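Reader: I would like a close look at one part of this model, taken slowly and with the cut-offs stated as each term comes up. Please choose one strand and work outwards from there to its surroundings.

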Amino acid sequence: MVSKDLAGPPSKGVLSIAVASTTAINSILMEKPAAFHPLPYVFCDWLTAVHVYPEGVPSRESGRVLKVTKDGVIDWESQCWDTIRCESSDTSIRAKCDGRALRVTGNIGRFGRLSNVTGYSLGVCVDRARVLLENLGFDVTGFGAAGIQTECGRLGTVVTRVDLAGNCLVSDYPMLCQALMQRKIGKLLPKMGKYGPTWGYGAKRGGWVRCKLYDKDAEQAGRKTMSPGATMARFEVQLGREWLRVNGLDTVESWCGLSEGGLDMGQVIWGRFAEEAFREGADAASFKELPRALQRYAFFWKDGVDVKSITKPSNYYRVRKALLEYGIDVGVPCNVVALKREVKQVSVEWLTADMLRERGMG
């Protein structure tokens, strides 16, 4: 949890994480995440899009998948498009045109660049993809433009997967992972991956949301394990087809406009998920500041009592909703043992565009 008292005067873009109090605390998504002022540099780390032509166009190689490596080498793949499964670190771009639709997937922002520490917004990635596809001989007429709905289906460009990433400098990465292993994102429980905690990667519903925190330095260096201390880490959010459709973000135009406050849409969406993992928590000492009607439930929860078992279901849901506003989720067991441990601090400094340029990463 974020400890305001222990952290001292707040430093711009730096959080102090009290990792010993690893209570599993949930919170409601906020319009402007409290933990990120300012929001870090967020970019599109993977993009998958489908462009349906109003009229048919000539297909390419009978609709087979065209794989283009970082060196510009072209390789025709025979497998079905739906079977393509690539890691976000893959440096190749894949495209397919069957005469009715043009499909493209890959880390467009990294393509042709040595490093993927930084990237571009979704709108810029679409522009780069258009140029790349045109150079490869694909018909890109209308690619990226606003789509229209017809009786025969959706025309235009539809976004079916977006990965958003933000980087941070962490003073003690293993301790940070320990803290985040107690945090839910929505209804997703974390699991430990190779380089850090992951949310949703074991679920079958890949069309929704997946998140992960991983040791970027360790990944780039090809190490088999995460760093034992300080490192540069990355928090990544993968948005699938169904989530994008339900939330009205499956079109290019929905990402290219600026949201309230002048923030890029990628920053806003990334921030809503990151805030759940890095949100401020509630310390047991602050329970006395709660409304009297909620105090007893908070202390019962801290002592390991299932609040649902001591009250009526209708009252339980009212109490849980009210306590969520204070950063307490009584629907998840409190880690009583962890609360008794000595509190340690881990600084998490989210990197903005200016900070990346200062470090020669921009």
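Author: What follows begins with one strand and its partners, and then moves on to the surroundings and the chain as a whole.

The model is predicted, and for that reason local features need pLDDT of at least 70 and side-chain atom pairs count only at pLDDT 80 or more, whereas totals for chains, interfaces and linings use all residues. Residues are numbered from 1 along each chain as its sequence is written, and side-chain values use heavy atoms, with hydrogens and water left out.

The strand chosen is β5, residues 93-97; helices (H or I, at least four residues) and strands (E, at least two) are DSSP runs, numbered from the N terminus. In β5, 5 of its 5 residues are buried, where buried means under 20% relative accessible area, exposed means over 50% and partly exposed lies in between, with a 1.4 Å probe and protein chains only. The cover extends to both faces of the strand, since Ile-93, Ala-95 and Cys-97 on one side are buried, and so are Arg-94 and Lys-96 on the other.

β5 has pairing partners in β3 and β6, and two strands are said to pair if DSSP finds at least two bridges between them. With strand β3, residues 65-68, the arrangement is antiparallel and has 3 bridges; within this pairing, Lys-67 has Arg-94 of β5 as its bridge partner. With strand β6, residues 101-106, the sense is again antiparallel, over 5 bridges. Two of the facing positions can be followed by eye: Ala-95 is matched with Val-104 of β6, and Cys-97 stands opposite Leu-102. The hairpin of β5 and β6 has 3 residues between the strands, and Gly-99 there takes a positive phi near 100°.

β6 in turn is mostly covered, with 5 of its 6 residues buried, and this strand also pairs with β2 in the antiparallel sense, through 6 bridges. One of the matched positions joins Leu-47 to Gly-106 of β6. Strand β2, residues 42-52, also contains His-51, a buried residue with a relative accessible area of 2%. The side chain of His-51 reaches the backbone oxygen of Thr-141 at 3.0 Å. Contact here means heavy atoms within 4.5 Å; if neighbours within four places in sequence are left aside, His-51 is in contact with residues including Arg-100, Ala-101, Leu-102, Phe-143 and Thr-157.

Next comes helix α2, residues 122-135, whose 14 residues reach 20 Å from the first C-alpha to the last, close to the 20 Å expected at 1.5 Å a residue; the expected span is 1.5 Å times one less than the number of residues. An α-helix has 3.6 residues a turn, so residues three or four places apart point the same way. The buried residues of α2 are Leu-122, Gly-123, Cys-125, Val-126, Ala-129, Leu-132 and Leu-133. The helix is followed by Gly-137, with a positive phi near 95°. Leu-136 lies in the loop between α2 and β7 (148-150) and counts as buried because its relative accessible area is 19%. Not counting residues up to four places away in sequence, Leu-136 touches Arg-60, Leu-66, Val-68 and Ile-74. Leu-136 and Val-68 are 68 residues apart in sequence and 9.3 Å apart in space, C-alpha to C-alpha.

Leu-47, met above as the partner of Gly-106, also belongs to the largest nonpolar core, of 59 residues, and is among the members that touch the most others, together with Val-162, Phe-235, Leu-239, Trp-255, Ile-269 and Phe-273. A nonpolar core is a set of buried Ala, Val, Leu, Ile, Met, Phe, Trp, Tyr and Cys residues joined through side-chain atoms within 4.5 Å. Apart from this core lies another, of 12 residues, among them Trp-301, Tyr-316, Val-319 and Ile-328. Returning to Trp-255 of the largest core, its contacts beyond four places in sequence include Leu-122, Val-162, Leu-239 and Ile-269, and of these Leu-122 is one of the buried residues of α2.

For the chain as a whole, the secondary structure comes to 11 helices and 13 strands. Of its 362 residues, 50% count as buried. Among contacts between residues at least 6 apart in sequence, 70% join residues at least 24 apart.

Notes:
A polar contact is a pair of N or O atoms within 3.5 Å; within protein, one must be able to donate a hydrogen and the other to accept it, and residues adjacent in sequence count only if both atoms are side-chain atoms.
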